[in-house]
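These are my notebook entries on a structure that I looked through step by step. I record what I looked up and what I found.

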Amino acid sequence: MAELGLNDHHQNEVINYMRFARSKRGLRLKTVDSCFQDLKDSRLVEETFTIDEVTEMLDGLQTVVHSEVESELINTAYTNVLLLRQLFSQAEKWYLKLQTDISELENRELLEQVAEFEKAEFTSSNKKPSSELIKPKLAPLNEGGSELLNKEITRLQEENEKLKTRLKTIETQATSALDEKSKLEKSLKDLQMIQGDQKTNITQDISELEDTVSALRCQFEKTLNDSTANQKFLEENLVTTKHDLLKVQDQLSTAEKELEKKFQQTAAYRNMKEILTKKNEQIKDLRRRLSRYEPDD
């Protein structure tokens, strides 16, 4: 027996449709035959006919046969549309989209395969008993559709669980990154405090020098008032002291700049600054990734 590549249920549905089509085709052929028979019975009552009479009879027969054939072709097309409508309605109940290939309807090889299938199914020797010819009406595929729907629900649930697990992992990474950032910020503050203490010590040294200069100035003024003889000596001493003060201030300023420059060039400072920069970039990236999984309000 020729097969159409379908399961038993669908093949039985095809057989039912072919049986319906054969029945309709047989009725239309009988109608066409009756058209010719009516012509014979009603018009062919004389032995001779003129050309005009024969032409008139053939034209009338042509009109009747044309009408019958056209009616059958139209009815067949409408019937096929209704059959497709049943199939598509069942598919839409389960949110399926069926597709058809119109070009395959003129595939001679497939058409011959269908003809062989019809011949094998409807020959008198292979015809099935009448009890097996009664088929149920086309019903929605509830069981199959439920199975597909359940599979889709299971797949979505599994995907949701994976997303939840991934979100928890990202949240853990973000928390760890924030903790590490806090530790780094604390370490940076400690370094800044140390640097501040060093600057404070330098400032104290400058203040002490200024106090010393002020004290020397007071002493100089007192000595100047007490003895004009030592005025020149004291003035020279004052000038020298001022030069020393300026020199000391310049040295202190240079030392402060060198200290700050050396501190910035230390590996600890550079590593700390590089780590803080990387961690800030990681936190920004994690925040962007977290925003993708936050539900919209």
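**Entry 1. A network of charges.** I began with the charged side chains. I found that salt bridges link Arg 22, Arg 25 and Glu 118 in a network. I note at once that the model is a predicted one. As background, I wrote down that side chains of opposite charge can pair when their charged atoms come close. I then looked up the total and found 10 salt bridges in the structure.

**Entry 2. Overall fold.** Next I asked which kinds of secondary structure the chain holds. I found seven helices and zero strands. Along the sequence, the pattern reads α-α-α-α-α-α-α. I also looked up how much of the chain is buried: of the 297 residues, 13% are buried.

**Entry 3. Helix α1.** I checked the length of α1 against expectation. At 1.5 Å a residue, its 36 residues should span 52 Å, and the end C-alpha atoms are 52 Å apart, so the two values agree. I then listed the buried residues of α1: they are Gln 11, Ile 15, Asn 16, Met 18, Val 32, Cys 35 and Leu 39.

**Entry 4. Arg 28 and Glu 68.** I looked up a single salt bridge, the one in which the side chains of Arg 28 and Glu 68 meet, with 2.9 Å from N to O. Arg 28 belongs to helix α1 (residues 8-43) and Glu 68 to helix α2 (residues 51-93), so this pair ties together parts that lie 40 residues apart in sequence. I asked whether Arg 28 counts as buried, partly exposed or exposed. Its relative accessibility is 25%, and therefore Arg 28 counts as partly exposed; the class runs from the 20% limit for buried to the 50% limit for exposed.

**Entry 5. Glu 180 and Lys 279.** I then turned to the salt bridge between the side chains of Glu 180 and Lys 279, at 3.0 Å from N to O. This pair links distant parts of the chain, since Glu 180 is in helix α5 (residues 142-226) and Lys 279 in helix α7, 99 residues apart. I compared the exposure of the two partners. Glu 180 is partly exposed, with a relative accessible area of 33%. Lys 279 is buried, with a relative accessible area of 13%.

**Entry 6. Helix α7.** I repeated the length check on α7 (residues 267-293). Its 27 residues at 1.5 Å each should span 39 Å, and the end C-alpha atoms are 39 Å apart, so expectation and model agree. The buried residues that I noted in α7 are Met 272, Leu 276, Lys 279, Ile 283, Leu 286 and Leu 290.

**Entry 7. A pair inside α7.** I asked how far apart the closest N and O atoms are in the salt bridge of Asp 285 with Arg 289. They are 3.9 Å apart. Both residues lie in helix α7, four residues apart, which is about one turn of the helix. Asp 285 has 30% relative accessibility and counts as partly exposed. Arg 289 is also partly exposed, with a relative accessible area of 25%. I then looked from Arg 289 to Ile 170: the two are 119 residues apart in sequence, while their C-alpha atoms are 8.2 Å apart in space.

**Entry 8. Val 213.** I looked up Val 213, which lies in helix α5. Val 213 is buried, as its relative accessible area is 15%. The C-alpha atoms of Val 213 and Leu 238 are separated by 9.2 Å, and their positions lie 25 residues apart along the chain as a sequence distance.

**Entry 9. A negative patch.** On the surface I found a patch of negative charge, in which Glu 46, Asp 52, Glu 53, Glu 56 and Asp 59 gather. I chose one of them to look at further. Asp 52 lies in helix α2, and Asp 52 is exposed, with a relative accessible area of 61%.

**Entry 10. A nonpolar patch.** My last search was for nonpolar surface. Leu 83, Leu 84, Leu 87, Leu 96, Leu 98 and Leu 148 make a nonpolar patch of about 480 Å². I asked which element gives the largest share of the nonpolar patch. It is α2, with three residues. Leu 96 is placed in the loop between α2 and α3 (108-122). At 40% relative accessibility, Leu 96 counts as partly exposed.

How values were computed: Residues are numbered from 1 along each chain as its sequence is written. This is a predicted model: local features need pLDDT of at least 70, side-chain atom pairs count only at pLDDT 80 or more; totals for chains, interfaces and linings use all residues. Side-chain values use heavy atoms; hydrogens and water are left out. Helices (H or I, at least four residues) and strands (E, at least two) are DSSP runs, numbered from the N terminus. The expected span of a helix is 1.5 Å times one less than its number of residues. Buried means under 20% relative accessible area, exposed over 50%, partly exposed in between (1.4 Å probe, protein chains only). A salt bridge is a side-chain nitrogen of Lys or Arg within 4 Å of a carboxyl oxygen of Asp or Glu. Patches are made of residues with over 30% relative accessible area and no salt bridge: like charges are joined within 9 Å, nonpolar side chains (Val, Leu, Ile, Met, Phe, Trp, Tyr) within 5 Å. Accessible areas come from the Shrake-Rupley method with a 1.4 Å probe; for residues, only the protein chains shown count as cover. Lys and Arg count as positive and Asp and Glu as negative; His and the chain ends are not counted. The place of a charge is taken as NZ of Lys, CZ of Arg, CG of Asp or CD of Glu.
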